[in-house]
Amino acid sequence: MRLIRRVVIVLLLIACAVLAWMAWNPILPSNGARSVRVMVPPPPERLDQRWQVVSRRMMREEDARQIKRQLAAVGLHPKVVASREQVQWTGFVDPYSYPSVAASVEAQARWQQQGVVSTVLHDDGGYHLLLGRFFSPREAEGQRRRLAATSLPWRAQSHTEMAVVWRLVFPPQSKQDAEVTWRLAQQQGGVEPVMRRYAPPVDRYTAVGSGAR
C-alpha cells in the first residue's frame, strides 16, 4: 500500500507540472497557413525615363576615334556615330584682294605679327587671305575676339551646307549614372558632352563601328 501511495503522489506531481507548463505556454490553434515572404523586383525603368550622354559634333571621323580611345582609358565606351546635318560655317577673311603671291605673302606677315595665322587662297579676282573657318560657335566667337583685338581690318562670312558629322554616343542610363558619365567625359576635354532624355533612334544616326582604328 505504501508503494502504491508513493506512485500516486508522483503521478499527481507530474500532472500538476504539466498543467502548470500548459498554463504558461498555451497551444495556439493553427489553420494550416504558412507565412511566405516573396521578394518582388522593382519594375523595369521605362525608356523615356532613361538619359543619354552625347558629345559635340566633329567634322572628322579621326577626331572622334581619337577621343574614343582616350575615353576607353577611363572605362567609358561610347559608339562613334555619323549623321548628315546642316552645318553653319563662319569664315574670317582679309577684306583686300592682292594682285600677286608676293603681295599676299606680305599681307600674311602683317597678320602673323598680330598673332593670326592665315591661308592664301586664289581665284579669278586675285589672291585672298583666309583668317580661319569654324563650325563651332564657341570657336568662331573666340576668333572674332582675337581679330577685334588687332589693328587690321577683317570681315566675317557665314554660310550653311549639308555635311557628315561624327559624335560619340554613350549607352542609355539612369539619370544618376548618366551624370557620372557626363562628369567623366567632361574631364577628358574635347568632348563637350550634353545629357538628354533618351529616345529610341529613328535612323538619324548611323553607327560606324564600335572598335577603335
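**Exercise 1.** Over the ring of which residue does the charged end of Arg133 sit, and how far from the ring centre?

Solution. The model used here is a predicted one.
Step 1. Look at the charged end of Arg133: beneath it is the ring of Trp89, with 3.9 Å to the ring centre.
Step 2. Place Trp89 by its accessibility. Its relative accessible area is 10%, so Trp89 is buried, the limit being under 20%.

**Exercise 2.** Find the aromatic partner of Trp89 and classify the geometry of the pair.

Solution.
Step 1. The structure holds three aromatic pairs. In one of them, Trp89 is matched with Phe135, at 5.7 Å centre to centre and with 65° between the planes.
Step 2. Planes over 60 degrees apart count as edge-to-face, and the pair of Trp89 and Phe135 is of that kind.
Step 3. Locate the partners. Trp89 belongs to strand β2 (residues 79–93), whereas Phe135 is in the loop between β4 (126–134) and α4 (137–148). The two are 46 residues apart, and the pair links distant parts of the chain.
Step 4. Check Phe135 for burial: with a relative accessible area of 15%, Phe135 is buried.

**Exercise 3.** Describe the ring pair of Phe92 and Trp154, and state which cluster these residues belong to.

Solution.
Step 1. The ring centres of Phe92 and Trp154 are 5.9 Å apart and the planes meet at 65°, so this pair is edge-to-face.
Step 2. Phe92 is in strand β2, and Trp154 is in the loop between α4 and β5 (155–169), so the pair ties together parts 62 residues apart in sequence.
Step 3. Compare accessibility. Phe92 is buried at 0% relative accessible area, whereas Trp154, at 26%, is partly exposed.
Step 4. Extend the search to further rings. Phe92, Phe134 and Trp154 are linked by ring pairs into a cluster.

**Exercise 4.** Work out how strand β2 is paired and whether its residues are buried or exposed.

Solution.
Step 1. Strand β2 pairs with β5 in the antiparallel sense, over 15 bridges. Within this pairing, Glu85 has Ala163 of β5 as its bridge partner.
Step 2. Strand β2 also pairs with β4, again antiparallel, over four bridges. Here Phe92 stands opposite Gly132 of β4.
Step 3. Of the 15 residues of β2, 11 are buried, so the strand is largely enclosed by the rest of the structure.

**Exercise 5.** Examine the salt bridges, taking them pair by pair and noting the accessibility of the partners.

Solution.
Step 1. Begin with the principle. Side chains of opposite charge can pair when their charged atoms come close. The count for this structure is eight salt bridges.
Step 2. Asp63 and Arg60 form one of them, at 2.8 Å from N to O. Asp63 is partly exposed at 24%, and Arg60 is partly exposed at 47%.
Step 3. Glu61 bridges to Arg65, with 3.0 Å between the closest N and O atoms. Both residues lie in helix α2 (residues 61–72), four residues apart, about one turn of the helix. Glu61 and Arg65 are both buried.
Step 4. Glu192 bridges to Arg138, the closest N and O atoms being 2.6 Å apart. Glu192 is in the loop between α5 (175–188) and β6 (194–197) and Arg138 is in helix α4, so that 54 residues separate them and distant parts of the chain are linked. Glu192 is partly exposed, with a relative accessible area of 36%, while Arg138 counts as exposed at 53%.
Step 5. Look for shared partners. Arg57, Glu85 and Arg167 are joined into one network by salt bridges that share partners.

**Exercise 6.** Identify the elements that build the largest nonpolar core, and follow the contacts of one of its members.

Solution.
Step 1. The largest nonpolar core has 15 residues; those touching the most other members are Ala64, Ile67, Leu71, Leu168, Phe170 and Ala185.
Step 2. Two or more residues each come from β1 (51–54), α2, β2, β5 and α5. Helix α2 gives the most, three residues.
Step 3. Take Phe170 as the member to follow. Leaving out residues up to four places away in sequence, its contacts include Val53, Leu71, Leu76, Pro78 and Ala185.
Step 4. Check for another core. There is a second, separate one of 12 residues, among them Ala103, Val116, Ala140 and Leu147.

Key
Residues are numbered from 1 along each chain as its sequence is written. This is a predicted model: local features need pLDDT of at least 70, side-chain atom pairs count only at pLDDT 80 or more; totals for chains, interfaces and linings use all residues. Side-chain values use heavy atoms; hydrogens and water are left out. Rings of Phe, Tyr and Trp (its six-membered ring) pair if their centres lie within 6.5 Å; planes under 30 degrees apart count as stacked, over 60 as edge-to-face and the rest as tilted. Buried means under 20% relative accessible area, exposed over 50%, partly exposed in between (1.4 Å probe, protein chains only). A charge sits over a ring if NZ of Lys or CZ of Arg is within 6 Å of the ring centre and within 35 degrees of the ring normal. A salt bridge is a side-chain nitrogen of Lys or Arg within 4 Å of a carboxyl oxygen of Asp or Glu. A nonpolar core is a set of buried Ala, Val, Leu, Ile, Met, Phe, Trp, Tyr and Cys residues joined through side-chain atoms within 4.5 Å. Contact means heavy atoms within 4.5 Å. Two strands pair if DSSP finds at least two bridges between them.
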